[in-house]
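Here is a colleague's note, set out as numbered points, to be read with the sequence and the structure open alongside.

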Amino acid sequence: MMKFHPEQINQVKGFLDPEEGKHLFDISLLAADLGPILEIGSYCGKSTVYIGQACKEKNSTLFSIDHHRGSEEQQPGEEYFDPELYDYKSFHMDTFPVFRKTLSLFDLEDTVVPIVAKSWVAAKSWATPLGMVFIDGGHSYEAASTDYNCWARHIVPGGYLLIHDIFPDPTKGGQAPYEVYKLALSSGEFFEQPMMKTLGVLRKQG
Ligand code: MG
């Protein structure tokens, strides 16, 4: 059972639909039995609350990676720029202070391990098998495919690979996450599970 109220989670900035969030929570409950979970693209922590709550219930861990400098489309002058998240002292986007506030607000500081780095940097020395990887970082093909290539190998047999912002119809949204979804399928290592809106769910062969 999710222990937080939908209105509480709606206060956290982010791009995750509530039904996608609930689905993320449900899959995370299953995945947490297989190993710790890792997400790429923490932003202000909306998805972190859903996944983290499931990990907390299972006494597992969520590693949450983000360089916290905002992705391409969140930079000044771009479509998803949010001036509240801009650090006018360093002239950078900085979502980490808000992310930390979210962890504190939802009592997840003993469950979530923030990793403030680019995902490929964090991956260089990674050796821990993972029950689930959630890819929701940069939406260029280069960023999304790098995330896939760096992290999918660490998913345990029977574990889950979730990818956000899947738009099979190119008029509805960017194609990079969907391209990576298809890349994962074509590897033969993953099979499809029912999708929730734009949340793609793949499972590794057991
Ligand atoms: Mg997303």
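**Notes on the predicted model**

1. Asp-165 makes a convenient starting place: its relative accessible area is 15%, so this residue counts as buried, the limit being under 20%. The model is a predicted one, and in it Asp-165 sits in the loop between strand 7 and helix 7. The backbone of Asp-165 deserves a look as well, since its phi is near 70°, a positive value in a residue other than glycine. As background, most residues other than glycine have a negative phi.

2. Asp-165 is also one of the donors to the magnesium ion, which is coordinated by Asp-136 through OD, by His-164 through ND1 and by Asp-165 through OD, at 2.1 to 2.3 Å. Along the sequence, these donor residues follow the spacing D-x27-H-D. Distant parts of the chain are linked in this way, with Asp-136 placed in the loop between strand 6 (130–135) and helix 6 (141–151) and His-164, 28 residues apart from it, in the loop between strand 7 (155–163) and helix 7 (176–186). Asp-136 and His-164 are both buried.

3. Which residues line the largest cavity? They are Ile-135, Asp-136, Gly-137, Gly-138, His-139, Ala-144, Ile-163, His-164 and Pro-177, so that the list includes Asp-136 and His-164, which are named above as donors to the magnesium ion. The space in this cavity comes to about 40 Å³, and the count of cavities of 30 Å³ or more is one. By class, its lining residues divide into four nonpolar, four polar and one charged.

4. The largest pocket has a volume of about 950 Å³ and is lined by 45 residues, of which Ser-71, Glu-73, Gly-137, Gly-138 and His-139 lie nearest its centre. Gly-137, Gly-138 and His-139 are also among the residues that line the largest cavity. Helix 3, helix 5 (119–123), helix 6 and helix 7 each supply at least two residues of the pocket lining, and the largest share, four residues, comes from helix 6. In this lining 13 residues are nonpolar, 21 are polar and 11 are charged.

5. The second largest pocket, with a volume of about 150 Å³, is lined by Gln-11, Val-12, Lys-13, Glu-84, Leu-85, Val-98, Lys-101, Thr-102, Leu-105 and Phe-106. These lining residues divide into five nonpolar, two polar and three charged.

6. The largest nonpolar core has 33 residues, and those with the most contacts inside it are Leu-24, Ile-37, Ile-51, Met-132, Phe-134, Tyr-160 and Leu-162. At least two residues of this core come from each of helix 2 (18–31), helix 3 (46–57), helix 4 (96–105), strand 6, strand 7 and strand 9 (199–204). Leu-24 illustrates the packing: leaving aside neighbours within four places in sequence, its contacts are with Leu-16, Ser-47, Ile-51, Met-132, Phe-134, Leu-162 and Leu-199. Another core, of 27 residues, lies apart from this one and has Leu-38, Ala-122, Ile-163 and Ile-166 among its members.

7. Phe-167, like Asp-165, has its place in the loop between strand 7 and helix 7. With a relative accessible area of 22%, Phe-167 is classed as partly exposed, because the buried class ends under 20%. Not counting residues up to four places away in sequence, Phe-167 touches Lys-172, Gly-173, Gly-174, Gln-175, Tyr-178 and Thr-198. From C-alpha to C-alpha, Phe-167 and Lys-197 are 9.1 Å apart in space, while in sequence they are 30 residues apart.

8. Two further loop residues may be checked. His-68, in the loop between strand 2 (62–65) and strand 3 (86–87), has a phi near 60°, again a positive value in a residue other than glycine, and at 1% relative accessibility His-68 counts as buried. Ala-117 is found in the loop between strand 5 (112–115) and helix 5, and at 17% relative accessibility Ala-117 is likewise counted as buried. Ala-117 touches Ile-65, Asp-66 and His-67, residues up to four places away in sequence not being counted, and the C-alpha atoms of Ala-117 and Ile-65 are separated by 6.6 Å although the two are 52 residues apart along the chain.

Note on methods
Residues numbered from 1 in each chain as written. Predicted model: local features only at pLDDT ≥ 70, side-chain atom pairs only at ≥ 80, totals over all residues. Heavy atoms only, no water. Donors = N, O, S within 2.8 Å, 3.2 Å for Na, K, Ca; no water. Buried < 20%, exposed > 50% of the residue type's maximum accessible area, 1.4 Å probe, protein only. 1 Å grid on protein atoms, 1.4 Å probe; cavity = no way out; pocket = protein on both sides within 12 Å on 5 of 7 lines; lining within 4 Å. Points joined across faces, edges and corners; volume = space filled by probe spheres on them. Nonpolar A, V, L, I, M, F, W, Y, C, P; charged D, E, K, R; others polar. Core = buried A, V, L, I, M, F, W, Y, C linked by side-chain atoms within 4.5 Å. Contact = heavy atoms within 4.5 Å.
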